[in-house]
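Open the model in your viewer and keep the selection tool at hand. The tour below moves from stop to stop, telling you what to select and what you will find there.

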Amino acid sequence: MSSRILIGIVCIILLAFLAGCSSDNVEDYRMTDETKWDTYSDTWVCVDELGRTIPGYEEVGPRREDRYVGIFYHLWHHITFYLNGAAAWGNQTSDVTRILRQDPSALDNYHSPLWRSTTPFYWGKPIFGYYDLQYDDYVLKKHAQMLSDIGVDVLVIDLTNFTKETPYFYDYNSIMHLCKVFAEIRSEGGKTPQFTWLLRWNNLGGDYGIRQLYNDMYSKNLYSDLWFMWKEKPLLIGDKNSLDPVKDKEIIDFFTWRSAHPEYTAPDEENDWAWNSIYPQCPAYTKTNAREEVAVGTAQNWTHGLAFFSSRDEEGNFIARGRSYHNGKQPLFKDPISSEYPSKYGHNFQEGLDRALEIDPNFIFITAWNEWIAGRFDPKNIPSWAIQHNQPAGGAFCDGYTPEFSRDIEPTLDGDLGDNFYYQLAIAIRKYKGVRRPETGKPKPILIDSNFDDWKDVRPEFRDDINDKAQRNAKSLEKNVTYVNDTGRNDFKLMKVSSDKDNVYFYVETVDNITSYTDKNWMLLFIKTDESKPNWQGYNFVVNRIGVKEKTTTLEKTLGSWQWETVASDIRYEVSGNKMELAIPRKHLGLKSGKIDIQFKWHDNMQNEGDIYEFMLNGDAAPNNRFNYRYMEEAKKATFTRNLYTIAGAEETVTLKKGETIAIRFKAEYYIDGMEIFLTPPGWESVDDTSSRVKYEGTWGQTEDVHFSNIASSSVSFTFAGSGVRWIGDKAPDRGIVEVYLDGKLVDKVDTYGTQLLKKQVLYEITGLEDKEHELRIVVTGDMGKEAVGTYQSVDCFEYLPGVKSGKQSFEYRIYKWRNSYKSSVSKWAVKKGTVKNAEVGNWLNFKAKLDKGEYVLVIKARTDLNINTYGSSYDNVTIFVDGKEENLCFKIRARYKSA
């Protein structure tokens with residue numbers, strides 16, 4: 001029969017190839033609610049600065065309505081800065097990156113005149129400047145637009161520091177201003193995220209903030225259209241247990257509650273939601289949902305526990321989990337603004353995003369959008385809740401420090417981050433949620449005659465946000481600085497494209513009448529036809545940049561970058577009122593006869609020619625930012641992959657002996673054309689502290705759970721063959737500092753101090769090692785941090801990543817139609833059977849299986865010993881059977897769809 005052990009060895013993933021989606025599975029491109037101005041932003045296309053392509057319907061498939069994304073959002077900058085002397089800034093901003101650029105010696109000079117205030121400090125400059133959201137409608141609208149465009153559903157507004165003693169973290173005026181601006185956008189048919197709140201951590205006085213928020217907004221039914229609902233009530237992330245069950249019953253009953261989990265480790269109680277997590281994350285769960293929520297952060301102020309972003313090791317290297325952290329390692333440099341950090345690639349963020357997509361929860365919590373600022377602590381007075389590392393003598397920073405050691409996704413030009421994290425998030429959300437199928441066009445000739453009637457039945461419509469042209473006049477958080485932008489001129493609304501055998505036709509409509517063609521950089525049209533040819537930011541052609549006359553204009557092609565060459569100066573166009581049309585001969589665009597597939601973008605009033613950020617900052621762009629519209633006259637076939645049933649709960653392994661079977665019940669939502677299974681590399685294996693593979697030297701005691709020692713020079717060694725290792729033990733107030741040796745070389749010092757006893761903590765971890773035999777050795781030093789009351793160390797177990805072996809495994813498979821019960825012996829139910837021979841770890845294994853929609857059972861019978869990784873609890877109509885007996889386990893299952 002089957003046996004199970006914790007930590008998986010081999011994972012089988014079912015991959016279903018699905019073909020021929022029928023029309024009832026395809027979403028209509030158009031919204032049914034025509035009161036809303038849907039811009040169809042999930043059908044836009046884009047390639048970011050790093051060459052990453054935003055996936056479309058062909059890659060990610062139809063939209064799923066039961067998946068939500070929230071992002072951590074901050075509104076307390078105004079009141080925090082004014083209470084702490086922002087008026088004294090003058091022309092010098094309190095910005096760590098700028099201070100260290102101006103004077104690198106300030107890193108270790110607490111009294112440098114450049115540190116103009118004790119707190120707070122920016123880690124870098126937002127692309128929209130040091131804005132004040134109590135006044136800046138422009139930035140609030142840009143935030144609403146940018147986040148809605150990529151599919152963010154809810155702002156999780158930060159009230160984690162709001163208590164009776166710190167009322168300034170609740171900026172009522174900024175909150176009301178956000179609500180007012182968002183409500184205006186919605187009243188005009190536009191889109192915004194909704195909002196909820198992350199309140200004080202559990203058992204830390206959150207009741208005051210909860211009551212204040214309820215009394216100010218929810219009890220008055222203010223802006224209820226903006227409330228984010230969860231389980232049919234407004235969601236609130238806070239400590240319900242801090243309230244009085246009698247006096248506060250009205251408040252308790254009003255919300256759907258989720259507790260705020262402060263640590264970056266796995267949520268350890270049901271209904272506990274994480275806000276930022278270290279990789280690999282575990283899902284937050286409820287009694288009925290094993291994977292309700294997962295948090296993903298761009299970086300974490302974490303080393304071997306909660307730390308500061310400015311933490312350093314004994315050699316002066318910065319060691320927190322920055323944006324570049326991945327494969328268990330942080331690039332180590334002594335300069336926190338070093339250009340050698342590969343920050344812009346978002347390796348840490350990508351690991352977390354990939355993990356979240358694998359788990360596939362109902363809610364993904366992203367940290368963060370616009371935090372930007374952090375307090376500056378005296379390095380001699382670090383709070384007791386943080387691990388005590390060496391801090392720069394110039395000041396210690398917890399929640400934000402430099403471009404590498406910060407969490408914001410909002411674009412900045414500091415640290416070469418640009419808008420990379422924004423598009424990285426957009427890619428992940430597309431994969432997570434899916435998109436609507438884009439509508440294809442039907443070729444039709446157009447007369448360029450300023451009549452426009454022949455455009456009425458042309459589809460698809462390409463839409464832009466209304467009232468989003470650049471208009472700004474708002475105070476900055478800097479003294480005597482006001483941000484002014486009056487470059488908004490022509491406000492794009494509606495675009496169309498058509499073609500015939502000779503021409504490609506473009507139509508554009510603006511909110512108000514189009515201005516004169518004599519304006520500079522007037523109504524620029526960028527066109528992408530062939531990414532393999534010379535381009536500027538992907539565009540091969542531009543219209544209207546030069547040579548615009550009353551009825552004709554100029555088409556140019558790029559020679560590469562912002563270098564253009566005239567192709568034709570007689571391109572016909574007409575303008576009447578708020579409408580414009582033009583015709584470009586196919587031959588000039590290099591488009592042969594037949595169906596076309598192109599991308600295009602309109603922009604008006606570019607200020608800095610050749611700067612891609614003009615599409616974000618000045619005039620008006622359609623569509624927004626780097627995005628393009630895609631016009632195609634023939635739909636591409638979709639071959640996208642999507643998780644159907646994914647991990648939850650504790651990992652376990654079913655070990656099948658030769659002749660034993662395991663069965664997976666699953667639901668086919670579409671027609672299945674074929675299947676594959678995949679044997680993944682092994683997962684973490686655990687070795688207990690009592691194992692003979694663990695060697696102790698010196699003086700060690702033993703309890704039922706752990707080995708322990710506080711005697712200097714005592715050590716424990718663990719030898720393993722593989723690519724990664726973890727030391728698992730306890731944190732507590734009486735824990736001290738150890739030295740960590742790998743293969744005889746000192747690689748780290750670890751402080752295992754904790755403010756309370758925390759068992760089964762990862763005290764040290766390293767991955768990405770060469771796949772061979774290694775020795776990890778932990779040495780008790782007898783040293784401790786200033787808050788500790790002892791120097792003890794403990795060993796609960798070690799975990800390691802075994803090497804990938806090429807052992808052959810074989811099994812038979814059968815697929816049965818589900819008929820309310822299952823017995824593997826009833827062979828007449830089988831709709832497909834076969835054998836997979838010589839299966840190797842890391843290879844896809846194909847077998848044919850044509851199935852209609854419905855529920856099925858896949859049965860695997862081992863012909864050799866076979867390890868299959870499973871997960872803690874079943875859900876989503878997936879049931880696991882082992883030798884005919886139903887088990888409370890769950891497989892990871894993906895599906896690949898193919899559609900016309």
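Begin by selecting Gly 189, which sits just after helix 5 and takes a positive phi of about 90 degrees. Before going further, note that this is a predicted model, in which local features need pLDDT of at least 70 and side-chain atom pairs count only at pLDDT 80 or more, while totals for chains, interfaces and linings use all residues. Residues are numbered from 1 along each chain as its sequence is written, and side-chain values use heavy atoms, with hydrogens and water left out.

**Helix 5 and helix 4**

Now select residues 172-187, which form helix 5; helices here are DSSP runs of H or I with at least four residues, strands are runs of E with at least two, and both are numbered from the N terminus. Helix 5 has 16 residues and reaches 22 Å from its first C-alpha to its last, close to the 22 Å expected at 1.5 Å a residue, where the expected span is 1.5 Å times one less than the number of residues. Among the buried residues of helix 5 are Ser 174, Met 176, Cys 179 and Arg 186; buried means under 20% relative accessible area, exposed means over 50%, and partly exposed lies in between, with a 1.4 Å probe and protein chains only.

Next, add residues 137-149, which are helix 4, a run of 13 residues that reaches 18 Å from its first C-alpha to its last, close to the 18 Å expected. Because 11 of these 13 residues are buried, helix 4 is largely enclosed by the rest of the structure. Tyr 138, His 143, Met 146 and Asp 149 are among the buried ones. Just after helix 4, select Gly 151, which takes a positive phi of about 100 degrees.

With both helices shown, how do their axes cross? The axes of helix 4 and helix 5 come within 10 Å and cross at roughly 60 degrees; axes are lines fitted to C-alpha atoms, for helices over the stretch in contact, and angles run from 0 to 180 degrees between N-to-C directions. That makes helix 4 oblique to helix 5, since angles under 35 degrees count as roughly parallel, over 145 as roughly antiparallel, 65 to 115 as roughly perpendicular and the rest as oblique. To see where they meet, select Asp 137, Leu 140, Lys 141 and Ala 144 in helix 4, together with His 177, Leu 178, Lys 180, Val 181, Phe 182 and Ile 185 in helix 5; contact means heavy atoms within 4.5 Å.

**Helix 8 and helix 9**

Move on to residues 347-359, helix 8, whose axis comes within 10 Å of that of helix 9 and crosses it at roughly 10 degrees. That makes helix 8 roughly parallel to helix 9. The residues of helix 8 that meet helix 9 include Phe 349 and Leu 353, and those on the helix 9 side include Phe 421 and Leu 425.

**The nonpolar cores**

Now select Phe 195, Trp 197, Ile 366, Phe 506, Phe 600 and Trp 602, which touch the most other members of the largest nonpolar core, a set of 124 residues. Helix 9, residues 420-433, gives the most to this core, with nine residues. A nonpolar core is a set of buried Ala, Val, Leu, Ile, Met, Phe, Trp, Tyr and Cys residues joined through side-chain atoms within 4.5 Å. Centre the view on Phe 506, and you will find that the residues it touches include Trp 455, Leu 525, Met 580 and Ile 598. Apart from the largest core lies another, of 22 residues, among them Trp 700, Val 725, Val 738 and Tyr 764.

**Val 706 and its contacts**

Select Val 706, in the loop between strand 35 (701-702) and strand 36 (707-709). Is this residue buried or exposed? Val 706 is buried, with a relative accessible area of 8%. Add Asp 796, which is 90 residues away from Val 706 in sequence and yet 4.7 Å apart from it in space, C-alpha to C-alpha.

**Backbone details**

Most residues other than glycine have a negative phi, and most peptide bonds are trans. Select Tyr 279 and Pro 280, whose peptide bond is cis, with omega near 0 degrees, and then Arg 459 and Pro 460, joined by a cis bond with omega near 5 degrees. Finish with Met 523, where phi is near 50 degrees, a positive value in a residue other than glycine; Met 523 is buried, with a relative accessible area of 0%. Gln 537 also has a positive phi, of about 50 degrees, but Gln 537 is partly exposed, with a relative accessible area of 39%.

Key:
Lists of a residue's contacts leave out its neighbours within four places in sequence.
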